[in-house]
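Colleague: I should like to learn how to read the features of a model such as this one. May we take them one at a time?

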Amino acid sequence: MTEINFYYLVLLFFIYSFLGWIMEVVLKYIEYKRFINRGFLIGPYLPIYGSGAVIVTVASYLLAPYDSSYGTSFLISFILCGALEYFTSYYLEKRFHTRWWDYSQKPMNLNGRVWIGNLLLFGLGGMIIDKISNPIILKYLYMLDM
């Protein structure tokens, strides 16, 4: 990966926030057969997806000189995105006095805030971001010459 800067990270944040919103809306449409806006703020984006993608991007960039394997990419995504989901859930509950998601009925969960199924998906998603989608997206962002 070549150089990344603040502007690329901001653009990646909004791109992945929008893609996360699309994914959530499609999954809920399949589940409930109707449109449900999964956005947290006003607009079609979910900041937790953008934040996770930026965290994975920065961590992968910082670790690239030492190890850029698929296993490392999976592990850092698993751990960092899991921590992001846990602490986001905790913060939102304390701030808004409600649980935004609850995995307490799922196996291998931690206080109902994260569960192993999502952690595995975070690892896989982080690998996809790091190894497939970021190289494509960043190739086009580099053309903007920021």
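Modeller: Let us begin with a salt bridge. The side chains of arginine 113 and glutamate 93 meet in one, at 2.9 Å from N to O. This pair links distant parts of the chain, for arginine 113 is in the loop between S1 and S2 and glutamate 93 is in helix H3, 20 residues apart. Please bear in mind that the model is a predicted one.

Colleague: Is arginine 113 buried or exposed?

Modeller: The term depends on the relative accessible area, and buried means under 20%. Arginine 113 has a relative accessible area of 8%, so this residue is buried. Glutamate 93, with 21%, is partly exposed.

Colleague: With which arginine, at 3.3 Å from N to O, does glutamate 93 also meet in a salt bridge?

Modeller: The partner is arginine 99. Arginine 99 is partly exposed, its relative accessible area being 33%. Glu93, Arg99 and Arg113 are thus linked in a network of salt bridges.

Colleague: How many salt bridges are counted in the model?

Modeller: The count comes to 4. One of them joins glutamate 31 to lysine 28, with the closest N and O atoms 3.1 Å apart. Both residues lie in helix H1, and their separation of 3 residues is about one turn of the helix.

Colleague: Why is lysine 28 called buried, and how is glutamate 31 classed?

Modeller: Lysine 28 is called buried because its relative accessible area is 19%, and the limit for that term is under 20%. Glutamate 31 has 47% and is therefore partly exposed.

Colleague: I should like to stay with helix H1 for a moment. Which residues make the nonpolar surface patch?

Modeller: The patch is made by Phe18, Leu19, Ile22, Met23, Val26, Leu27 and Ile30, and has an area of about 600 Å². Of these, leucine 27 lies in helix H1. Tryptophan 21 lies in helix H1 as well. At 14% relative accessibility, tryptophan 21 counts as buried, and a residue needs over 30% relative accessible area to be part of a patch.

Colleague: How far apart in space are tryptophan 21 and lysine 106?

Modeller: From C-alpha to C-alpha they are 23 Å apart, with their positions 85 residues apart in sequence.

Colleague: Let us turn to empty space. How does one find where it is left?

Modeller: A probe the size of a water molecule is rolled over the atoms, and this shows where empty space is left. In this model the largest pocket has a volume of about 1,500 Å³.

Colleague: How many residues line the largest pocket, and which lie nearest its centre?

Modeller: The lining has 41 residues, and those nearest the centre are Met23, Glu24, Ile48, Tyr49 and Phe122. Met23 is also one of the residues of the nonpolar patch. By class, the lining of the largest pocket divides into 24 nonpolar, 10 polar and 7 charged residues.

Colleague: Which helices supply at least two residues each to the lining of the largest pocket?

Modeller: They are helix H1 (6-32), helix H2 (47-63), helix H3 (70-96) and helix H4 (116-143). The largest share, 10 residues, comes from H4.

Colleague: What is the count of cavities of 30 Å³ or more?

Modeller: The count is 1. A cavity differs from a pocket in that the probe fits but cannot get out. The largest cavity has a volume of about 40 Å³. Its lining consists of Ser60, Leu63, Asp67, Ser68, Ser69, Thr72, Ser73, Ile76, Asp130 and Lys131. H2, H3 and H4 are the elements that give two or more residues to this lining.

Colleague: Which element gives the most to the lining of the largest cavity, and how do the residues divide by class?

Modeller: H3 gives the most, with 3 residues. The lining of the largest cavity divides into 2 nonpolar, 5 polar and 3 charged residues.

Colleague: Finally, how should one read the sign of phi?

Modeller: Most residues other than glycine have a negative phi. Histidine 97 has a positive phi, near 55 degrees. Histidine 97 is found in the loop between H3 and strand S1 (109-110), and at 70% relative accessibility this residue counts as exposed. Asparagine 111 also has a positive phi, near 55 degrees, and its place is in the loop between S1 and strand S2 (114-115).

Technical notes:
Residues numbered from 1 in each chain as written. Predicted model: local features only at pLDDT ≥ 70, side-chain atom pairs only at ≥ 80, totals over all residues. Heavy atoms only, no water. 1 Å grid on protein atoms, 1.4 Å probe; cavity = no way out; pocket = protein on both sides within 12 Å on 5 of 7 lines; lining within 4 Å. Points joined across faces, edges and corners; volume = space filled by probe spheres on them. Helix = DSSP H or I, 4+ residues; strand = E, 2+ residues; numbered from the N terminus. Nonpolar A, V, L, I, M, F, W, Y, C, P; charged D, E, K, R; others polar. Patch = residues over 30% accessible without salt bridge, like charges linked within 9 Å, V, L, I, M, F, W, Y side chains within 5 Å. Areas by Shrake-Rupley, 256 points an atom, 1.4 Å probe, with all protein chains shown as cover. Buried < 20%, exposed > 50% of the residue type's maximum accessible area, 1.4 Å probe, protein only.
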